[in-house]
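Here's a quick briefing for anyone meeting this structure for the first time. Have a look at the model, then read on for a few residues, one helix and the overall picture.

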Amino acid sequence: MHHPTPEFPAHLEALYRQFPFDRSLAQDPLSCVRPLASDPAAAEVAGIFAATLAIGNVTAIRGAFADLGRRVDQDFAALGEPRGGRRYRSALRTFRHRWIRGDQLAFLAGQVGRLRHEHGSLGELFRSGLEEGGFAHGLDRLARGLRGNGTNRGPRGYRVLFPSPLDGAHSPCKRETLYVRWMSRTGFPDLGVWTGVPSADLRIPLDLHVHWIAYHLGLTHRRSRNWATVEEVTAALRQVDPVDPIKYDFVLCHTGISGDCPKERDMRVCGPCVVRPDCLLWRPRRGAS
Ligand code: SF4
């Protein structure tokens, strides 16, 4: 079993403090939503679309979000109104990003409008579940709400865009967890437009980069990217910062995205890496003299 060194909290904090946030923020889908931070309604609507589109490389994601913005005249508050789905259906018809289609986004707009009308905001819906049963229940309530109600199951392939931690498939629910981080955390670079969701309750958005580095730093022993791994990595980060464990997510993720971590032993890159003493690739092998 691989465990971090006792100095790991100091190493991780050093990585955080020296991280070039400005460089990496330009390479993050959150940069699409940050200009709306002063308008919580527009930010929460734009955020769920940006998070839903967060598949593939960031240039394509930013391009897809810009395309969406043009199609709705940059009026994300209107897109999240009860009639938003119907109003923009034809404008969205030819939209494509990877396997996500415009008819799915129009249906999503309809669900967002309905939920905001019924609950006041997506944040209130999430918070109701959080207060009743914890983070997974909050995410479950959000996911089930976005999937739609009644017998209308939405366009082909729509419902799978919104997995729940309480589903049998045990998805890591990366994009929804990322969305909740964006909306709830008040620390930079997140928006903090939702109130009543303590940072201590958040869970790590476990993408491939975060999983790789979390595994190699000994924050999890799980090879599978599922909800159990999300809980394990979050619990390990809580040992470092119980109040705001997810503040390290951006840094861990962009260490991988930026190429700062080559994901192999390469002394030219790994030499100055402050978490190298904790990295499995550089720890002495058992039995080695
Ligand atoms: S030591 Fe190298 S491989 Fe390990 S985390 Fe740092 S940069 Fe990545």
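H11 sits in helix α1, which runs over residues 8–17. Keep in mind that this is a predicted model. From H11 we'll move on to another residue, then a helix, then the whole protein.

**H11 and its surroundings**
- Is H11 buried or exposed? H11 counts as buried because its relative accessibility is 17%, and the cut-off for buried is under 20%.
- Leaving aside residues up to four places away in sequence, H11 touches T5, V274, V275, P277 and D278.

**A41, a residue in helix α4**
- A41 is part of helix α4, and that helix covers residues 40–52.
- With a relative accessible area of 26%, A41 comes out as partly exposed, since that label goes to values between the 20% and 50% cut-offs.
- How far apart in space are A41 and R116? Going from C-alpha to C-alpha, the gap is 9.2 Å, although 75 residues separate A41 and R116 in sequence.

**Helix α11**
- Helix α11 takes in residues 135–147, so 13 residues in total.
- At 1.5 Å a residue, α11 should span 18 Å, and its end C-alpha atoms are indeed 18 Å apart, so the two values agree.
- Why call α11 largely enclosed by the rest of the structure? Because 10 of its 13 residues are buried.
- Among those buried residues of α11 are F135, L139, L142 and L146, and the list also includes the charged D140 and R147.
- What do the buried residues of α11 pack against? Their partners are α4 (40–52), α9 (102–119), α10 (122–133), α12 (174–184) and α14 (227–240).
- Right after α11 comes G148, with a positive phi near 110 degrees.

**The whole protein**
- Its secondary structure adds up to 16 helices and 2 strands.
- A compact globule of 289 residues would have a radius of gyration near 19 Å, and the protein has 19 Å, so it agrees with that expectation.
- Along the principal axes, the C-alpha trace spans about 70 × 40 × 35 Å.
- Of the 289 residues, 54% count as buried.
- Counting contacts with a separation of 6 or more, 66% are between residues 24 or more positions apart.

**Surface and charge**
- The accessible surface is about 13,100 Å², and carbon and sulfur atoms account for 51% of that.
- The protein has 40 positive and 30 negative charges, and the mean positions of the two sets are 7 Å apart.

Methods:
Residues are numbered from 1 along each chain as its sequence is written. This is a predicted model: local features need pLDDT of at least 70, side-chain atom pairs count only at pLDDT 80 or more; totals for chains, interfaces and linings use all residues. Side-chain values use heavy atoms; hydrogens and water are left out. Helices (H or I, at least four residues) and strands (E, at least two) are DSSP runs, numbered from the N terminus. The radius of gyration is taken over C-alpha atoms; the globule rule is 2.2 Å times the number of residues to the power 0.38. Buried means under 20% relative accessible area, exposed over 50%, partly exposed in between (1.4 Å probe, protein chains only). Contact means heavy atoms within 4.5 Å. Accessible areas come from the Shrake-Rupley method with a 1.4 Å probe; for residues, only the protein chains shown count as cover. The place of a charge is taken as NZ of Lys, CZ of Arg, CG of Asp or CD of Glu. The expected span of a helix is 1.5 Å times one less than its number of residues.
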